[in-house]
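Thanks for sharing this one. Here are some friendly notes on its salt bridges and on confidence, set out point by point.

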Amino acid sequence: STKRTIYYLLFSSMTSPSLTIGTALLAFSPTLTLLFLIILPKPQLTILSVVAAFAYLLSAFGSSLIWLIFNAIFQFTNRNQENSIGALLALTVPSVLMQWFVRMQFVKLYFGVEDVIRKSVAKHEAEESMDVTTNNTTNNTTGTQQQQQQHAETNALQLQLNDLSCSLASGTGYALLHTLFLFGTLLASESHESNNYYGNLQTAQGYYGGGGGSTGHGGTLYQNSCSSSMPSLVNGALVGCMFSILDVVFMMLTFFGMRRRQQYYYYQQHRGGGGAAGSSSPIVRPPPPRSSSLVQLLRDGLSFCNRNGINDTIQGGNAALGLVIISHLMASLALAPNGIMEENGCLISLPCLAAVVVFVVGLFWRGVKGHFLPVDQRERIQELRLSGVDDGRMMMMGG
């Protein structure tokens, strides 16, 4: 109502700065924590995080194009009549599928770059090894010491380019830009409408033109579905915070799934399927997956767990990718009451979204605990531990 809006306008200046700062800290707290504690100290991870943010930008662009097409179709078929359910599905489903596809292509591109880097480092070390062998044939002690130094580049690279650290960095960059779109645009919209009151504020003679502005100059923005519960900034901050957690988990599941689809036979030989760890038997390059259809991915995603979590197989990789689609769709649809219901929609959406976050994090922990990293990376980390490498970075190595 107009009276309540004017009341917010009169008294928001006392609380609006703290509201703005507090909600911003809430929305960006997961991503900024990972960014400053883990990613920024390592240049490689910082670059990867920036590229992942660009990947989200591409997915948002693709989703927007699909939405424009679907929206035009709905308006034409419904003769410009509003259809909330149809609009919701037209916006949610293509967006989820587009983000899922872009994540997979991003991880696939990363694997290609990683392979090139590792081959380059290995080639360089092989050349160094030949030089050391030639120059130190008469001095075994010096030769041994130099041979140990030859692997320093690979070891240092392994401390950076492992699936745990890189998936965290990628997920953080992706989530940071996603949160900026979710919460930052809301904050900018509210600030833009900050002086939208028309009339005499002292006598409350006039009307409020809509919007708000938690900047000390205007009223606090409330949306219709949550007008009696909380300001839109609080609602948006909670949604942004929970989706940032989901984005990081989704990216980690994508790394896990794509790696298993890529290296199935390697795991078969190293986890009881054809050879012990450290076996010198040749590793066969895995063939294409049994089926890469969306139906197969969803089917594996619904039945992915055994007693030991997600299997290190092609089907296990499909399960992880299918779980991303299913859980992302659940999280998006959980926000439907917030946009459709006229009153207290946020009181339904926020608990449902929180339940999805707990559900996804729990399944992720149960599914990949103890074997998130591929076998070759775990063996290299174990080698580093036995050699006495301990500079506080082992936390990033998955154990």
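1. Let me begin inside helix H4, where lysine 119 and aspartate 115 sit four residues apart, a spacing of about one helical turn. This is a predicted model, and in it the two side chains form a salt bridge whose closest N and O atoms are 3.3 Å apart. Lysine 119 is exposed, at a relative accessible area of 54%, while aspartate 115 is partly exposed, at 39%.

2. How many salt bridges does the model have in total? The count is five. The pair in helix H4 is one of them, and the next points take up others.

3. Please look next at glutamate 114, whose side chain meets that of arginine 259 in a salt bridge with an N to O distance of 3.0 Å. Glutamate 114 belongs to helix H4 (residues 84-135) and arginine 259 to helix H8 (residues 232-262), so this pair ties together parts that lie 145 residues apart in sequence. Both glutamate 114 and arginine 259 are buried.

4. Helix H8 also contributes arginine 260, which forms a salt bridge with aspartate 312, with 2.8 Å between the closest N and O atoms. Aspartate 312 is found in the loop between strand S4 (309-310) and helix H11 (314-334), so here the linked parts are 52 residues apart in sequence. Are these two partners buried or exposed? Arginine 260 is buried, with a relative accessible area of 0%, and aspartate 312 is buried as well, with 5%.

5. One further point on connectivity: Glu114, Asp163 and Arg259 are joined into one network by salt bridges that share partners. It may help to view these three residues together when you go back to the contact between glutamate 114 and arginine 259.

6. Now a word on confidence. The protein chain has a mean pLDDT of 74, and 64% of its residues reach 70 or more. Residues 269-291 stay under 50, yet the model gives this stretch 41 contacts beyond four places in sequence. Residues 390-399 are likewise below 50 in pLDDT, with 21 contacts beyond near neighbours in sequence.

7. Which stretches would I mark in the figure for their pLDDT under 50? Residues 269-291 and residues 390-399 are the ones I have in mind. A short remark in the legend giving the mean pLDDT of 74 would suit as well.

How values were computed:
Residues are numbered from 1 along each chain as its sequence is written. This is a predicted model: local features need pLDDT of at least 70, side-chain atom pairs count only at pLDDT 80 or more; totals for chains, interfaces and linings use all residues. Side-chain values use heavy atoms; hydrogens and water are left out. A salt bridge is a side-chain nitrogen of Lys or Arg within 4 Å of a carboxyl oxygen of Asp or Glu. Helices (H or I, at least four residues) and strands (E, at least two) are DSSP runs, numbered from the N terminus. Buried means under 20% relative accessible area, exposed over 50%, partly exposed in between (1.4 Å probe, protein chains only). pLDDT is the predictor's confidence in each residue, from 0 to 100. Contact means heavy atoms within 4.5 Å.
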